[in-house]
Amino acid sequence: MTTENGMPKEQGTLGIPSCSLAGRRRRDAAARFWRQYRTHRAGLFGLAALLLFALLALTAPLLVGSDVDNVTDAPGGPLEDPSAAFPFGTDRYGRNLLGLVIRGARVSLLVGLLAAVLSVAIGTLIGVTAGHFTGWYATVMMRITDWFLVMPTLVLAIALATVMPRSLLTIVVAIGVTTWPTTARLVRAQTLAVETRPYIERARALGGGHRHIMSRHVLPNVMPLVLAQTTLIISTAILAEATLAFLGLSDPTVVSWGALLQDAREAGAVSSGHWWCLVPPGVAIAVVALAFTLCGRAVEQVLNPRLGVTR
């Protein structure tokens, strides 16, 4: 079998093209992962909850409209009790809280995902390089990691969000650059274990450089750990975003679950007994954080069977 320019096409076992063989292996691995994942009932519950919230976030413009956060033409009166017209009641501006919670899912989930990706990317880069290179570089990187570990993450995030402009990008950066140390330590430990395997020595003997070894041999072996860590960090990022928004450090023009809690606090919902301003966004934050944690634990147990199986 040849290609269009007459060169022989690379084939795998039994004459099957290597690209088809690789695709089949990926599909088999995905099917095997799903068979093992669905044995975890808690993980399935978390996945179902996440799919529901993701569906609400994607269809929010169709469900609640684009003017749900309009304070000049609100459909109800200030702080109305839950009713048939407003199942979650209204806020201090008379806006429908059910629509605001649905609208806020878009921002909270997006910020959580982006912040988690940034955090894991920084942690993976530092962990792989610190595990591959020895000497002064690894020492310096680990001392920096230790410094971030002992410093309160929320305090660092608040400090960054205070000195930077108020925007969603600021929240993403503030969370991402303060939550990476745990990932860096885990990835470095896995990298050190991978570096001791015989095929790494063979790759070096055949002339493989640092970039080749890290990208082709080390990184694929630490990716399962990175994937599990990502799902766990997303819940932390969502809670951190809600905290920063509650403290008034987020973009005041953007509706998020944390911003709704901030509005309720400014309206005196706690002291005046307007519980419906606090419960819906608070429950949404708790459920999404729990769902990501359950999914992360299930993924971690599937990818690392030595952790044991908890159903």
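Me: In this predicted model, which residue forms a salt bridge with Asp146?
Reply: The model is predicted, not experimental in origin. The closest N and O atoms of the pair are 2.3 Å apart. A salt bridge needs such atoms within 4 Å. The partner of Asp146 is Arg185.

Me: Which helices hold Asp146 and Arg185, and how many residues apart in sequence are the parts that the pair ties together?
Reply: Asp146 lies in helix 5 (residues 136-150). Arg185 lies in helix 8 (residues 181-195). The pair therefore ties together parts whose separation in sequence is 39 residues.

Me: Is Asp146 buried, partly exposed or exposed?
Reply: Buried means under 20% relative accessible area, and exposed means over 50%. Asp146 has 22% relative accessibility. Its partner Arg185, with a relative accessible area of 33%, is partly exposed. Asp146 likewise counts as partly exposed.

Me: How many salt bridges does a search of the whole structure find?
Reply: Side chains of opposite charge can pair when their charged atoms come close. One such pair here is Asp146 with Arg185. Another is Glu300 with Arg297. The search of the whole structure finds 10.

Me: What separates Glu300 and Arg297 along helix 13?
Reply: These two residues form a salt bridge, with the closest N and O atoms 3.2 Å apart. Both sit in helix 13 (residues 279-303). They are 3 residues apart, so the separation is about one helical turn.

Me: Is Arg297 buried, partly exposed or exposed?
Reply: The buried class ends at 20% relative accessible area, and the exposed class begins over 50%. Arg297 has a relative accessible area of 44%. Therefore Arg297 is partly exposed.

Me: Are Asp91 and Arg95 buried or exposed?
Reply: The side chains of Asp91 and Arg95 meet in a salt bridge of 2.8 Å, N to O. Asp91 and Arg95 also belong to the lining of the largest cavity. Both residues are buried.

Me: Which residues are linked with Asp91 and Arg95 in a network of salt bridges?
Reply: Asp91 and Arg95 pair directly. The network also takes in further charged residues. They are Arg92, Asp263 and Glu266.

Me: What is the volume of the largest cavity?
Reply: The structure holds 1 cavity of 30 Å³ or more. Its lining includes Leu79, Asp91, Asp263 and Cys277. By class, that lining has 6 nonpolar, no polar and 4 charged residues. The space in the largest cavity is about 50 Å³.

Me: Which helix gives the most to the lining of the largest cavity?
Reply: Leu260, Asp263 and Ala264 are among the lining residues. Helix 11 covers residues 257-266. With 3 residues, the top contributor is helix 11.

Me: Where is Leu79, a residue that lines the largest cavity?
Reply: Leu79 is not a glycine, yet has a positive phi of about 55°. Helix 3 spans 60-64 and helix 4 spans 97-132. Leu79 is in the loop between helix 3 and helix 4.

Me: Which residues are the closest to the centre of the second largest pocket?
Reply: This pocket has a volume of about 280 Å³. It is lined by 16 residues. The closest to its centre are Asp251, Pro252, Val254, Ala259 and Asp263.

Me: How do the lining residues of the second largest pocket divide by class?
Reply: Helix 11 supplies the largest share of this lining, 5 residues. Asp251 and Asp263 are among the lining residues, and Asp counts as charged. The lining divides into 6 nonpolar, 4 polar and 6 charged.

Me: How many disulfides does a search of the whole structure find?
Reply: A disulfide is a covalent bond between the sulfur atoms of two cysteines. Cys277 is buried, at 3% relative accessible area. Cys295 is buried too, at 6%. The number of disulfides found is 0.

Me: Which residues does Ala228 contact, leaving aside neighbours within four places in sequence?
Reply: Ala228 is in helix 10 (residues 210-246). Its relative accessible area is 3%, so Ala228 is buried. Its contacts are Gly296, Val299 and Glu300.

Me: How many helices and strands does the protein chain have?
Reply: Of its 311 residues, 41% count as buried. Its C-alpha atoms fill a box of roughly 75 × 50 × 45 Å along the principal axes. The count is 13 helices and 0 strands.

Methods: Residues are numbered from 1 along each chain as its sequence is written. This is a predicted model: local features need pLDDT of at least 70, side-chain atom pairs count only at pLDDT 80 or more; totals for chains, interfaces and linings use all residues. Side-chain values use heavy atoms; hydrogens and water are left out. On a 1 Å grid over the protein atoms alone, a cavity is a set of points where a 1.4 Å probe fits but cannot get out, and a pocket is an open set with protein on both sides within 12 Å along at least five of seven lines; lining residues have an atom within 4 Å of a point. Grid points are joined across faces, edges and corners, and a volume is the space filled by probe spheres set on the points. Helices (H or I, at least four residues) and strands (E, at least two) are DSSP runs, numbered from the N terminus. A disulfide is a pair of cysteine sulfur atoms within 2.5 Å. Buried means under 20% relative accessible area, exposed over 50%, partly exposed in between (1.4 Å probe, protein chains only). Contact means heavy atoms within 4.5 Å.
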